[in-house]
Amino acid sequence: MEIRASTVLPARREDFTLRTADGLTLVGEVARPLAKDPVATLLCLHPLPTHGGMMDSHLFRKASYRLPALADLAVVRFNTRGTASERGRSEGEFGEGMGERHDVTAAIAWCVAAGLPRLWLLGWSFGTELALLWGNDPAVEGVILVSPPLHRAGDAELDAWAASGKPLLVLVPEFDDYLRPAEARARFARVPNAELVVGERAKHLWVGEPAVRTVLGEIVRRVNPAAWPLPTEWEDPR
């Protein structure tokens with residue numbers, strides 16, 4: 001079976017809720033490999049909710065549909081405060097990236113309490129700001145930044161990640177709306193532990209199956225290289 005944009009591969013999927021330190025309930029879902037323990041975990045931080053970003057934004061939805069089966073990864077998605085999707089609406093209101101500090105902290109703590117291994121933050125657009133600002137936590141092994149605008153997060157945060165020594169994978173679209181490859185190379189030059197990959201012909205939202213496969217493939221190459229390259233066909237082993 002060819003893996004297409006709408007393909008949903010087998011996984012153990014479970015809804016959950018988070019409780020933040022400032023008293024909000026957030027909704028989410030975890031997808032785990034069907035018949036084995038995950039080898040690593042992706043905690044997804046979604047794009048800007050005031051512009052349609054949510055846990056079901058297409059890269060994250062496809063990660064949850066494919067990567068538990070193809071790469072033995074757990075994929076954790078949740079709606080930050082005030083954000084709604086098919087899963088439901090998280091309590092609270094959009095916090096301009098500041099109030100969301102509590103959301104990121106609560107999500108990391110949930111992953112730890114759930115016993116999920118090798119936690120990587122996967123931020124996309126606004127979610128990269130949350131990862132850089134609030135995700136430098138001892139429980140986090142590394143971070144993947146997809147289309148980072150570097151608006152809210154700046155040199156101080158980059159320096160803190162450099163000092164942490166933790167790996168950063170930075171995926172920059174060739175035709176990004178906010179931060180293109182040349183500027184991204186200059187900005188991330190202060191982070192020796194950052195690897196920058198350019199998405200050829202891609203734009204900020206990585207629309208289209210070739211762009212999606214680029215992102216998912218780079219994630220797997222860094223987090224579970226034994227499962228790379230990702231196949232484009234699926235044969236159910238059961």
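Which residue stands opposite Val-75 in strand 4? In this model, which is predicted rather than determined by experiment, the residue opposite Val-75 in strand 4 is Leu-42, and this pair is a convenient place to begin a walk through the structure.

Leu-42 brings us to the pairing between strand 3, residues 40-45, and strand 4, which run parallel to each other and are joined over five bridges. Strand 4 also pairs with strand 2, residues 25-32, but in this case the sense is antiparallel and there are four bridges. Val-75 takes part here too, since Ala-31 has Val-75 as its bridge partner in strand 4, while Glu-29 has Arg-77 as its partner in that strand.

How many of the six residues of strand 4, residues 73-78, are buried? Six of the six are buried, so the strand is largely enclosed by the rest of the structure. To read this in more detail, it helps to recall that side chains in a regular strand alternate between the two faces of the sheet. In strand 4, Leu-73, Val-75 and Arg-77 lie on one side and Ala-74, Val-76 and Phe-78 on the other, and because all of these are buried, both faces of the strand are covered.

From strand 4 we can step outward to strand 2, which is itself mostly covered, with seven of its eight residues buried. Strand 2 is joined by eight bridges to strand 1, residues 12-19, and these two strands run antiparallel; within this pairing, Phe-16 has Gly-28 of strand 2 as its bridge partner. Strand 1 and strand 2 form a hairpin with five residues between the strands, and in this hairpin Gly-23 takes a positive phi near 90 degrees.

The next stop is helix 3, residues 126-134, where nine of the nine residues are buried. Those buried residues pack against several elements, among them strand 3, which we have already met, as well as helix 2 (100-113), strand 7 (119-124) and helix 4 (155-164). Leu-133 is one of the residues of helix 3, and with a relative accessible area of 17% it falls under the 20% limit and therefore counts as buried. Leaving out residues up to four places away in sequence, Leu-133 touches Gly-97, Met-98, Arg-152, Ala-153 and Glu-157.

A charged residue can be buried as well, as Lys-62 in helix 1, residues 58-71, shows. Its relative accessibility is 9%, which is why Lys-62 is counted as buried. Apart from residues up to four places away in sequence, Lys-62 touches Ala-5, Leu-67, Val-212 and Leu-216. Lys-62 and Thr-7 are 55 residues apart in sequence, and their C-alpha atoms are 8.2 Å apart in space.

Many buried nonpolar side chains can be followed as connected groups. The largest nonpolar core has 40 residues, and those with the most contacts inside it are Leu-43, Leu-168 and Phe-188. If neighbours within four places in sequence are set aside, Phe-188 is in contact with a list of residues that includes Leu-145, Pro-148, Leu-168, Val-170 and Ala-194. A second core, separate from this one, has 28 residues, including Cys-44, Trp-120, Leu-171 and Val-220.

The structure also contains open space. Its largest pocket has a volume of about 340 Å³ and is lined by 18 residues, of which Leu-48, His-51, Ser-125, Tyr-178 and His-204 lie nearest the centre. The lining is made up of seven nonpolar, eight polar and three charged residues.

Ser-125 deserves a second look for the shape of its backbone. Most residues other than glycine have a negative phi, and most peptide bonds are trans. Ser-125, however, has a positive phi of about 55 degrees although it is not a glycine, and this residue lies in the loop between strand 7 and helix 3. Arg-201, in the loop between strand 10 (194-199) and helix 6, has a positive phi of about 65 degrees, and it is not a glycine either. Is each of these two residues, Ser-125 and Arg-201, buried or exposed? Ser-125 counts as buried at 12% relative accessibility, whereas Arg-201 is exposed, with a relative accessible area of 64%. Finally, Trp-228 and Pro-229 are joined by a cis peptide bond, with omega about 0 degrees, and Pro-229 lies in the segment after helix 6, residues 209-223.

Key:
Residues numbered from 1 in each chain as written. Predicted model: local features only at pLDDT ≥ 70, side-chain atom pairs only at ≥ 80, totals over all residues. Heavy atoms only, no water. 1 Å grid on protein atoms, 1.4 Å probe; cavity = no way out; pocket = protein on both sides within 12 Å on 5 of 7 lines; lining within 4 Å. Points joined across faces, edges and corners; volume = space filled by probe spheres on them. Core = buried A, V, L, I, M, F, W, Y, C linked by side-chain atoms within 4.5 Å. Buried < 20%, exposed > 50% of the residue type's maximum accessible area, 1.4 Å probe, protein only. Contact = heavy atoms within 4.5 Å. Pairing = 2+ DSSP bridges.
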